[in-house]
Amino acid sequence: MAAGTTNGTRVVFDGVWKKFRRGEHHDSLRDLLPATLKRLAGRGPSGRELGEGDFWAVRNLSFEVTPGQTLGIIGANGSGKSTTLKLLTRIYEPTRGHCAIHGRVGTLIEISAGFHGDLTGRENIFLQGAIMGMRSHEIVRRFDEIVEFSGIADFIDTPVKRYSSGMNARLGFAIAAHLEPEVLIIDEVLAVGDLKFQERAFGRIRDLARSGLPVVMVSHQLDRIAELCTDVIMLRDGQVAARGTADEVIPAYVGQVDAERAAIRSELIAFDALVLSAPTVRSGAPVTVVVEGRVTGDLDEHAEPLGIQVRSLRSGHPLFVTGSRRLGVPLGRRGPFTVEVTLQANLPPGDYLVEAGAQDSRTLQAFATAPSALLRVTDPGSFRGTVQLNASMRVVQSAPTTPAGD
Amino acid sequence: MPAASDTTPLLPLEPARPAGAYLSEHTEEPATRRRSVVGDLREIVEEMRHCGDLVQQLTLRDIRIRYKQALLGFAWALLIPAAVVLAGMAVRVAMAYASGRHLDNSQLAGMAVKAVPWAFFVGCLNTGTASLVSNKQLVTKIYFPREVLPLSSVLAQTFDSLVGGVLITVLLPFLGVRASWQLLWVPVLLALLWLFALAVALFLSRANLFFRDVKYMVQVFLTFGIFVTPVILDAPMYGPRVAPIMMLNPVAPLLEGLRLAIVTHHGLLEPLAAPAGWPFWQPWHLAYSAAWAIGGLIAAAVLFHRSERRFAEVV
């Protein structure tokens with residue numbers, strides 16, 4: 001084993017492979033008997049190799065998460081995120097390799113899976129708590145806190161089947177949030193309840209993550225990942241496609257999604273680097289983007305050789321698009337180029353992705369993408385809204401300030 | 001666009017970092033663990049020691065949901081034993097009429113002391129078989145030792161049967177049954193029956209997970225099981241040729257033992273002859289059932305334990 005303590009709390013994933021089967025399992029005696037005989041005879045696939053119709057859902061995945069680290073796992077649907085979580089939480093057994101969690105695990109996964117509709121909220125707190133590994137006396141001790149956090153004190157003696165789905169999720173989260181874990185594993189749980197509850201739930205997760213626990217989280221909310229995670233792994237086809245810090249991996253992930261959507265003619269233009277003047281900028285302040293690349297083919301008149309796009313990580317939507325063609329900057333000759341773009345970060349605080357790419361301006365078909373960069377916009381709270389209008393305020397006339405009570 | 005090719009790297013991805021926070025990637029496999037029965041049993045006991053609260057909560061859940069929104073409520077606990085006793089009385093009355101003999105209270109008492117344990121066994125098979133599949137939501141989502149599911153379904157059934165057991169205990173003196181030292185056999189026999197029921201529940205719940213028709217086979221068995229188990233009739237009534245075969249049913253010696261100990265005041269370490277003179281009870285019957293209960297439980301638990309990590313994929 002490499003880094004890490006030998007007896008502290010941590011999560012270890014060591015060369016883990018997981019095999020699944022396409023199609024059906026042996027479902028009756030008729031299928032089972034021949035398969036068993038084959039296995040006894042020493043033929044047929046051994047359990048650890050790929051047989052016919054098998055595939056690897058997770059391939060050779062290794063990581064270690066120690067206290068103070070928060071690992072985010074991102075990837076498209078079917079890339080192996082859920083399987084990884086289920087391996088972590090011991091629901092699946094690895095086909096090869098070894099995975100272990102050292103320390104008491106709290107899972108914010110399927111937070112209301114153990115609820116029974118006919119039981120009351122009160123009864124379900126004890127049931128779900130026990131399923132998640134709490135001792136009864138701990139639940140008794142923290143019962144009032146759980147009820148208060150869930151905000152459904154009035155309905156605590158109502159059967160859960162009469163709850164709205166939001167109430168259900170809030171009660172589930174409230175129980176999970178009081179687990180006192182040593183290691184935390186989080187799945188897409190933040191999308192429950194109303195906005196206010198989501199904020200409260202995320203605040204709780206943030207507190208837990210920042211208290212120094214080892215945390216593994218899976219989410220599609222990239223801004224959450226960017227905010228919490230010290231390390232990020234991007235999975236593709238069950239393999240690690242990229243790993244590094246959030247600033248490194250998230251742009252690659254967002255770019256990948258885009259790049260897969262487009263067919264890319266990289267023989268015309270290639271980008272080598274995209275560098276921001278600063279990774280963090282005050283809302284309203286300027287930020288400079290330097291893009292380096294090479295024109296390697298003959299670009300026609302409709303080509304947009306250098307498009308610049310700013311995308312919100314929270315929504316994933318592009319907020320601002322411009323380009324050399326739109327701005328009237330000539331850029332079409334063969335050879336290397338370096339372009340400097342200055343943008344005013346007239347954006348609310350949050351995480352943004354600055355991307356560059358080339359496309360055909362008629363078909364909007366991209367034919368090259370550049371490395372992108374993560375831009376964090378901060379603001380001390382001088383405004384609220386979706387755009388920074390650089391307000392300034394000046395008193396033209398006002399009553400003279402007098403002591404109160406005059 | 002025809003230019004899309006799989007060989008062109010879409011993105012300049014970061015190469016996997018071997019240094020820093022993570023382990024370097026490697027494919028080395030840990031040595032295959034040797035499994036031994038003793039080692040597995042120790043593991044099971046170790047896991048179950050931490051699951052007391054979970055077993056308690058799941059048992060409570062099973063008991064609560066049975067009595068919530070139920071027409072009969074707690075009367076459910078008595079319905080099946082009462083039905084068995086009534087059906088048995090009908091059969092006994094018919095037999096008494098056919099043979100021209102008188103139906104006495106001790107025969108009724110002998111049937112009643114077998115009806116409640118039989119109802120317990122039937123209930124365990126029914127709820128135990130379904131216990132994993134009906135908790136699919138939990139099995140596929142949350143980790144805990146899966147043994148707790150059949151175990152808590154047997155415990156919930158035990159609670160039900162205790163209600164019936166208390167009622168029978170109150171009724172027996174009115175049927176003319178007196179106390180004797182042989183009553184000391186009752187806890188032994190009930191414990192063996194309980195262990196055997198747990199073994200069968202573990203085995204069948206696992207089997208039903210892999211093959212869904214196991215549930216229907218259990219239904220068929222339970223429908224006809226009462227005819228091949230001495231519940232309504234006593235073993236000697238089947239005659240010298242069939243009775244010994246019937247006693248090979250591991251439940252049969254336990255039920256007959258209860259009747260002999262409670263109603264007949266017979267010491268179970270002594271052989272007993274049927275009225276016609278042939279011996280129907282042998283002391284080894286008891287050892288035979290005990291072997292089934294204890295050996296079966298060990299085998300079922302180990303089998304269960306070794307495959308439980310695959311449950312979430314199969315269910």
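# Reading strands, core and confidence in a predicted complex

Q: How many bridges join strands β1 and β2 of chain A, and in which sense do the strands pair?
A: As a general idea, strands of a sheet pair through backbone hydrogen bonds, either parallel or antiparallel. In this predicted model, β1 (residues 10-21) and β2 of chain A pair in the antiparallel sense over 8 bridges. One point of register is Lys18(A), whose bridge partner in β2(A) is Val58(A).

Q: What is the strand order of the open sheet that holds β1 and β2 of chain A?
A: This sheet has 3 strands in the order β2-β1-β4 of chain A, with antiparallel pairing. Its edge strands are β2 (54-65) and β4 (96-102) of chain A, each of which pairs on one side only. From one strand to the next, the twist averages 20 degrees.

Q: Which helix lies across β1, β2 and β4 of chain A?
A: Helix α2 (residues 81-88) of chain A lies across these strands, and runs at about 60 degrees to β2(A).

Q: Where are the edges of the open sheet with the order β10-β12-β15 in chain A?
A: This sheet is formed by 3 strands with antiparallel pairing. Its edge strands are β10 (269-276) and β15 (335-344) of chain A, each paired on one side only. Neighbouring strands are turned by 20 degrees against each other on average, direction ignored. Between β10(A) and β12 (residues 286-295) of chain A there are 7 antiparallel bridges, and Leu274(A) has Val291(A) as its bridge partner in β12(A).

Q: Which way do the residues of strand β6 of chain A point, and are they buried or exposed?
A: In a regular strand the side chains alternate between the two faces of the sheet. In β6 (residues 183-186) of chain A, Val183(A) and Ile185(A) point one way, while Leu184(A) and Ile186(A) point the other way; all are buried.

Q: What strands pair with β6(A)?
A: Strand β5 (residues 105-108) of chain A pairs with β6(A) in the parallel sense over 4 bridges. Strand β7 (residues 215-218) of chain A is joined to β6(A) by 3 bridges, and these two strands also run parallel. Ile185(A) takes part in both pairings: Ile185(A) is the bridge partner of Thr107(A) and stands opposite Val216(A) in β7(A).

Q: Why is Glu145(A) classed as exposed?
A: A residue counts as exposed if 12 or fewer other C-beta atoms lie within 10 Å of its own. Glu145(A) is exposed because it has 12 such atoms within 10 Å. This residue is found in helix α4 (residues 136-150) of chain A. Glu145(A) and His178(A) are 33 residues apart in sequence and 8.2 Å apart in space, C-alpha to C-alpha.

Q: Which residues have the most contacts inside the largest nonpolar core?
A: They are Met234(A), Ile250(A) and Ala197(B), in a core of 177 residues. Helix α7 (residues 185-210) of chain B gives the most to this core, with 14 residues. Not counting residues up to four places away in sequence, Ala197(B) touches Phe120(B), Phe121(B), Cys124(B) and Val154(B).

Q: What confidence does the predictor give to chain B and to the complex?
A: Chain B averages a pLDDT of 84, and 89% of the residues score at least 70. Over residues 1-32 of chain B, however, the pLDDT is below 50; this stretch has 59 contacts in the model beyond near neighbours in sequence. For the complex, the ipTM is 0.81 and the pTM is 0.79.

Definitions and conventions: Residues are numbered from 1 along each chain as its sequence is written. Chains are lettered from A and ligands numbered from 1 in the order in which they are written. This is a predicted model: local features need pLDDT of at least 70, side-chain atom pairs count only at pLDDT 80 or more; totals for chains, interfaces and linings use all residues. Two strands pair if DSSP finds at least two bridges between them. Axes are lines fitted to C-alpha atoms, for helices over the stretch in contact, and angles run from 0 to 180 degrees between N-to-C directions. pLDDT is the predictor's confidence in each residue, from 0 to 100. Two residues are in contact if their C-beta atoms, placed from the backbone, lie within 7 Å. A residue is buried if 20 or more other C-beta atoms lie within 10 Å of its own, exposed if 12 or fewer, and partly exposed in between; C-beta atoms are placed from the backbone. A nonpolar core is a set of buried Ala, Val, Leu, Ile, Met, Phe, Trp, Tyr and Cys residues joined through C-beta atoms within 7 Å.
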